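Dear colleague,

I am handing over the structure that we spoke about, and I would ask you to keep it open while you read the notes that follow it.

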Amino acid sequence: MSKFYITTPIYYINDKPHIGHAYTTLVADVLARWHRQQGDAVFFLTGTDEHGAKVQESAAAAGLAPPEFADKNVDKFKQAWQSLGIKYDYFIRTSDERHEAVVKDLMRQIYESDYIYEGLYEGLYCVGCERFLQPDDLVNGKCPLHPHQLPVQQKEKNYFFKLSSFRDKLLAALENDKYKIVPATRRNEVVGKLKKGLADISISRAGVSWGVQVPWDKAQTIYVWVDALINYYSATQFENKGKDFWPANVHLMAKDILWFHAVIWPALLLAAELPLPQTIACHGFFTIDGQKMSKSLGNVIDPNDLVKEFGVDAARYLLLSQIPFNSDGDISWERFRERYESDLANGLGNTFSRVTNMIEKFGQGRFNQAQGVNQFTSITASAVASALRNFQFDSALLAIFNVVSSIDEEIERTKPWQMAKDSKESAIGPLLDKWGTMLLDVAMYLKPFMPATAKKMEDALRTEKITKAEPLFPRLN
RNA sequence: CGCGGGGUGGAGAAGUGGCAUCUCGCCUGGCUCAUAACCAGGAGAUCGUGGGUUCAAGUCCCACCCCCGCAACCA
């Protein structure tokens, strides 16, 4: 038995969860469940990122103090994960003072190792907003919120992290697989950028009060990203369930935040002389009906709506099977409905009905489970394992569903109903044993992906007297 | 020449030199245990375009066209 520590990003509490957050978290859940099933000691961490200027502003806009604002919003995430059947081991909030204590300790250590120095941060500043502006923020060269004030070039005293001095070490670490970035294309991207050079980064803010205080300068707070990244480590320090789990086996994320995880985070760890995470796994973005997901287009899919339409397990199946992990993918309600009908209702659901019904009709409600695990489906077991090792959730599911198809084929070939007519019931028994066992195998493989369905299948197949099962996936209307 | 990904039957994907594959959809036939489900067979691809290398190219090389991310203080 080995340990398996997997994380999702901690989500910025300003947002409410959308399908992108849901996908990342779901993937983590599947891997966590799979490793638990393999007997590994698992720590699955998710949470929320609650500090920073944006939260401060949003809270103010809502007329709340930042902590109240965060308390109010954190439930949206917890609720979404619950409705998707996601079982994390711990939910971390960066406003937790135990996390803050670890951040301070770590930053002080890095500071005392001379990897942090004082400098000037320069950028455009909007006085009306009291914050620095990104070039993207500008509309006609002005702050959209304060179009009558010209943004000014401003300087602020900040503390800087000597990121640049870690360039060679990071490149070497990647070269030697001290940590991995998957997929390879993303890794190449990072290596390419690293080779171009690396600038030091500002890791503190003077104008942001909602954050972790810089331990050696009370006028500054730690830059929210640095604070956030440390969550992966801090949870293993103050939370009992996470003890002895550092370093992480897998940090999961979408590609937008790869740089932070693949460069800044490992550099901070090197500076603190902590072990590096094993794998940085990074998935793509989704477009919806070929368009970028965006609030203004109004095409953002709420994971709750997906669950409402299809049910938890079907929602899980659709997300995992329809989105390629390694690249961007397009999704649409229409395709979700098609897949629901073809794979779940007509496929697994219908086959389960056929077999349970035949066991009731031709087998007196009983079948003999074949001895040994994976009696008929050992190839599937290794296919699933290797797919999961490579984050190929779609092919893992495909491998499992192939078992279902093969049952359908064999039913067709052997025609049990014909045997019954010809009074050859005794020949049906062994077939029912085989199919029943195969469906139990399917249930076992499906557990990490569709836990509720797997349980329904097992319950139905393990009763004293098996009767035709209720549809696992009722047809959509 | 900023960096990177991609363009494969109607849709979504696999495929890094050797008969172009899978899922969905479509057509025809079969079946009736099953959620009008299932099974078999079939039609459908000049693999973005033009050159090149090779006995052999979706796959390697060159040029071009088109989409899409990223471009470092951003979730």
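**The six-stranded sheet**

In this predicted model, six strands make up an open sheet whose order is S3-S2-S1-S12-S13-S7, and the pairing in it is parallel. Strand S3 (90-93) and strand S7 (180-182) are the edges of this sheet, and each has a single partner strand, so one side of each is left without a neighbour in the sheet. If you look along the sheet, you will find that its neighbouring strands are turned against each other by 20 degrees on average, with direction ignored.

At one of these edges, strand S2 (residues 41-49) pairs with S3 in the parallel sense over four bridges, and within that pairing Thr48 has Arg93 in S3 as its bridge partner. Helix H6 (residues 184-196) packs on the sheet, where it touches both S7 and strand S13 (279-283), and the direction of the helix makes about 125 degrees with that of S7.

**The three-stranded sheet**

Please turn next to another sheet, which is open and has three strands in the order S9-S11-S10, with antiparallel pairing. Its edge strands are strand S9 (204-205) and strand S10 (213-214), each of which pairs on one side only.

You can follow the two pairings residue by residue. S9 and strand S11 (residues 217-222) are paired in the antiparallel sense over two bridges; Ser204 stands opposite Ile222 in S11, while Arg205 has Thr221 in S11 as its bridge partner. S10 and S11 also run antiparallel and are joined by two bridges, with Val214 standing opposite Asp217 in S11. The connection from S10 to S11 is a hairpin, which passes through two residues.

As you look at these strands, it may help to remember that in a regular strand the side chains alternate between the two faces of the sheet.

**One residue in a helix**

I also looked at Asn346, which has its place in helix H12 (residues 333-362). Is Asn346 buried or partly exposed? Its relative accessible area is 37%, and since buried would require a value under 20% and exposed a value over 50%, Asn346 counts as partly exposed. When residues up to four places away in sequence are not counted, Asn346 touches Glu341 and Arg475. Between the C-alpha atoms of Asn346 and Gln364, which are 18 residues apart along the chain, the separation is 25 Å.

**The chain as a whole**

Having gone through these parts, you may want to set them against the whole of chain A, whose secondary structure comes to 17 helices and 16 strands. Taken along the principal axes, the box that the C-alpha atoms of chain A fill is roughly 90 × 45 × 40 Å. Chain A has 477 residues, of which 54% are buried, and the chain exposes about 21,500 Å², with carbon and sulfur atoms supplying 49% of that area.

If you consider the contacts in chain A between residues at least 6 apart in sequence, 76% of them join residues at least 24 apart. As for charge, chain A carries 55 positive and 58 negative side chains, and the centres of these two sets lie 2 Å apart.

With best wishes

Terms used:
Residues numbered from 1 in each chain as written. Chains lettered and ligands numbered in written order. Predicted model: local features only at pLDDT ≥ 70, side-chain atom pairs only at ≥ 80, totals over all residues. Heavy atoms only, no water. Buried < 20%, exposed > 50% of the residue type's maximum accessible area, 1.4 Å probe, protein only. Contact = heavy atoms within 4.5 Å. Areas by Shrake-Rupley, 256 points an atom, 1.4 Å probe, with all protein chains shown as cover. Lys, Arg positive; Asp, Glu negative; His and termini not counted. Charge placed at Lys NZ, Arg CZ, Asp CG, Glu CD. Pairing = 2+ DSSP bridges. Axes fitted to C-alpha atoms, helices over the stretch in contact; angles between N-to-C directions.
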